[in-house]
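Trainee: Mind walking me through this one? I'd like to go from the overall picture down to a few details.

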Amino acid sequence: MAPIFEYFVVCGLGPEIRTLDGNKGYHGVGVLYLPSMLDQYPPENHTLYPPPPPQLPTCVLPAGVEIFSTGFDVNDPSSSPRSYPIVLTEGDGSKIYVSCIAFRDPVSEDIAEAYRIPPNSFADKCICLVSRSPSFTVIRNTLEELFALCFSSDGSSKPLWDVIAHLVSNVPLPTPGRDRVLFAIENCLLSVDPPPKNGLPHVDISFQPLVQCLDVDNLIELFTAVLLERRILLRSNKYSLLTIVSEAICHLIYPFRWQHVYIPSLFFSGVDYIDAPTPYMMGLHSGVDTSYLVMDGVVVVDLEYNRISTSEEIPPIPEPEFSSLRMDILKLLHPKVVGIDQIKTSPAGSSEQWAIPCNQPWGEEQDLQLRLIFLRFFASILGGYRNFIEDSAAQAFNNQAFLKKRSRSTHQPPDAMVGFFFLIALAFSDFVSQFLDTHGFLDFLERAGSLEESDSNLLDKLQDAIGRGQNPMSILPSSATEPEIVTISDPNGGESRSGAKYIYDRFPSNIRTEEQEEKRKQILAAASGAFEYIKNAPSSPSVQVGKEALSPMERAAERERMVLDIKVKLQGLWLRLLKLGATDDPLSSFEYGTILALIESDAEGIGGSGFVECISEHIHTGWQCQLTDEQFIAVKELLKTAIILATSRNDMSTVRDALEVSAEMYRKDNNNVPDFVQRHLMSLSIWEELRFWEGFFDYLMERSSDKSANYAAQVTSQLILVASHMAGLGISDTDAWYMIETISEKNNIGYKQLIQLRGFLTHIQQLRVGYWGVSSVKAPSISSMGLSSPRPKDGTDENQQPAEASVVGRSWVQSMFSRDSSRVNSFARVRKWTSDGASDSSAAGQKKLQTNVRVLRGHNGAVTALHCVTRREVWDLVGDREDAGFFISGSTDCMVKIWDPSIRGSELRATLEGHKRTVRAISSDRGKVVSGSDDQTVIVWDKQTTQLLEELKGHEAQVSCVRMLSGERVLTAAHDGTVKMWDVRTDTCVATVGRCSSAVLCMEYDDSTGILAAAGRDAVANVWDIRAGKQMHKLSGHTKWIRRSVRMVGDTLITGSDDWTARVWSVSRGTCDAVLACHAGPILCVEYSAADRGIITGSTDGLLRFWEHDEGGVKCLRNDTIHSASILSINAGEHWLGVGAADNSMSLFNRPQDRLGGVAGSGSKLPGWQLYRTPQKMVAMVRCVASDLERKRICSGGRNGVLRLWEATINI
């Protein structure tokens, strides 16, 4: 016989003290600390039972552990011990039942000494009995007897832990319907009654608290919300009430089962879980503040005040079932009121089939009657449901036929289906149609199909009994036989030989092993040593104590809690991200930044996989998947990041799931045609991996539900799905067919299926090419050295699109049957995962010189601003200054740091402190550094002494741009729409030189002419002549923000916008000379090459496009696809071009010179740019990039606060 008690556990303040926020050490009274598992029986090394759930300490002490100066006080009710049950749910859906007693117990002397806790302090402690049986009464009674025995003035005859060991090891679970187990604790006799056999599921709670807290209408509304699987939050100031009501409502929906998250008592620090979009049932103490949560659609049930509130309407139960259910409950609760008009004696021959006991106190009989009332409701509303199960093996249910049958059962003539009767039918359809789609109903169908379940299906038995006019009580098994008594005796019980009694002033600790004792001493010694060290050296960095001392169970609990916390936070952030409006900047929003940080900061990929999972779950809830332009940009970038990081971890399941959700989400373009997210992921190199598509096909085959279909037909149907994804990504026809044909050959399908596949692939490729054109995005090949091979003609010429499109439809039959090597070799760049790939020997044109990448650490937050000190900024008559080539960075840690790359190992030159919020912009000149921040201030620093010279205040919003000018002047722009000029010497604002209608995000200034250009959220480029004191032009044409991409050289102004276009303007005329519209995403940076009037643009699509002026305007000469993420920076010099992207990839281009010093190919322009070198890629996400072309350096600032400096040491 299995034991009824699985574990006895003690939780409380452990040797390693941490606050709920994760801060280690003692921080005084009034602070809540994380609970730990202190003792358990059986011990940790016991192998008979699985270990207790790692989250148990957090759940049994949901508020955490508090330290008090006093223990139990009869005059203080809050200090009294509390007894309450909790229920935990494991991954397989099985439940663990725990009875708890929480009380104040003295803090252990060794812990108090190590952490300098005041003597005679008390802390929360909780003792628990853990069971797999829902026998709440016996578990609670046993635990309370143990607690009373511990603190009894008479003492116990045996050590307390010996009593506990006997109970856990020897008390069995009774055989259902047969045994009753008797056992004793000292002089108290306890019994375990047998659970029923083949009746209603065993429940050892009273339903009275449920009907006392909620009136009949609210009870039915809660029941309906649970049945329709809404998000349900119970609130009460009593833990016991939360658990009892949760369990009661779960038993009232029998024969259905709750299939989703079930946490009857949510720990306080998990309150963010309430924003999860998936169905759940949670209980939360009413003392926890939830006012800052969104809680859209959450059904909040206040058990103290009998209130239910929700922002979404709950469909009502239709008539006549609603009235019948309500009346039956009223008869049970208030029999005298309901039957006040009835005579005492019924007419002869009548019999009350549904007997309701009157004038009896609430007990087990009333509990049973209440459960039967709800079971009768299901028997009525699902009458004849078995007739609509079409496939007994798959348990397919015909919802529509069932609804039609039900509507006919109302016996209403067709002309009467208006007005009231129509509303009745509509209500029924709405409620039942939602119910038939729930997980609970599908689970019931699966269980009803098994023989064991069908034999004990009380719903079917009740429907049969009602149909035959029998008493519904007849479906329950008879309990006429008396159970057999099983007595559990303790052979070592009774008085001890010496007659001694064991009396305790606190709950005793179990005997520890030598290893456990040594480990405890090490933790406390480390804590004590750290305390002394911190006390004696307050300026030293804090010491982390006891990190290695966590037990495997504690580490597992911490990881499980972290995983759940990340996933729930992602779900809430995802819902808020979908609420971004047209005026919001998606890539600067809190939601986007937080999701991105969760994806990037986790090495195990929980953030990335969790983000993709929450999108998938949202789609399955019925979301239509349409995004606005702003949401589209954010989602696309987040998915790119998740896929890149998952690929680096070889986490193909996340890549696969991301591919599937990207094929669902879309926005409408200007022609009202759906533009799917998937199309914008085509630059990622993972799609060219044959092994990925082979794994994806295997996954589709395993997932296929049609196991009985012909194998060749099944393979063909799954390959059609694979081909759809390939076309959606923009993989070329040749490459896609090569991979599909390879998979087909491995699965031995015939030519008939091959022809079908080839025809389908050609059709969808033609559809894609017809609207979007031939994809020009291809991932770079990887050389054996890990460097990107130079491919000057990597992009596809726009003029070749029609020709290539026509070839696709003309030659597919010939290409399918041809087996020549040319077709196979055309896909030689498809790499196997078993090797890194090999590059062509033509890479000899790339100089094989060593590169140098350094990691600069110093910031404690994301790097948000990066500036390179150029020779032009610091040049004077003496010559070059030593600070030319310095990099200056700003961060969310509010600090500005100056880096000297010439000193290896000691690059950090200075740290400038003064800002109170994130630093957004940096500039410098010969002697000063100027920085702008979200704190609305501009600070000027002395570059040599690092002293703060001036703090310029006047902007009314965060500062976005700063520029140091000649003559001790500073030009600044901010989100308040103003551009101001300051005199550093007098610390005053000389003038507000420009005003925009919205936030200014970027600006350019020509110090030689006094022309200023600024742009931002109003999508207008404003041009002023500062020296003349007038505005020259308002350049309108863009339809979205001009974010950071504005460049002015001479009379030419270039702007890049979130509307996916760049525009070339004449400053003097104020006219638009050209619109550059070939990117597939917002343009984040533009650059102008004055020598040949060339233009380079970079976008979130990862493309680098090169443009030149032609007789007919401006045309795109070529694309480069070296980068697979957003291009953040382009910096062009006379002979060098530096590029940096958001995935931390960098590239350096060179324009070769002839021997006479001229530019090679004088007749050509930008095509002369050749890829010179890219560093070995390191996975990281960056926010800003700066280039020092004179020294061939590119520096990136990461979201983790790390700078990565790449120096290409090359000789020309």
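Trainee: How many helices and strands are there in the protein?

Mentor: One caveat up front: this is a predicted model, where local features need pLDDT of at least 70, side-chain atom pairs count only at pLDDT 80 or more, and totals for chains, interfaces and linings use all residues. Residues are numbered from 1 along each chain as its sequence is written, and side-chain values use heavy atoms, with hydrogens and water left out. Helices (H or I, at least four residues) and strands (E, at least two) are DSSP runs, numbered from the N terminus. On that basis the protein has 29 helices and 51 strands.

Trainee: What percentage of the 1212 residues is buried?

Mentor: Buried means under 20% relative accessible area, exposed over 50%, and partly exposed in between (1.4 Å probe, protein chains only). Out of 1212 residues, the buried share is 53%.

Trainee: Let's zoom in on two helices. At roughly what angle do the axes of α6 and α10 cross, and what is that orientation called?

Mentor: Axes here are lines fitted to C-alpha atoms, for helices over the stretch in contact, and angles run from 0 to 180 degrees between N-to-C directions. Helix α6 (residues 216–227) and helix α10 (residues 364–381) have axes that come within 14 Å and cross at roughly 55°. Under 35 degrees counts as roughly parallel, over 145 as roughly antiparallel, 65 to 115 as roughly perpendicular and the rest as oblique. So α6 is, relative to α10, oblique.

Trainee: Which residues of α10 do L219, F223 and L227 meet?

Mentor: Contact means heavy atoms within 4.5 Å. By that rule, L219, F223 and L227 in α6 meet F374, F377 and F378 in α10.

Trainee: And which residues of α24 are met by L690, W693, E694 and F697?

Mentor: Those four sit in α22 (residues 690–703), whose axis comes within 10 Å of that of α24 (residues 733–746). The two axes cross at roughly 50°, and α22 and α24 are therefore oblique to each other. The partners in α24 are M739, T742, I743 and K746.

Trainee: Last one: is Y26 buried or partly exposed?

Mentor: Y26 is found in the loop between β1 (7–12) and β2 (32–33). Leaving out residues up to four places away in sequence, Y26 touches I17, Y33, I67, Y115, R116, I117 and P118. Its relative accessibility is 22%, so Y26 counts as partly exposed.
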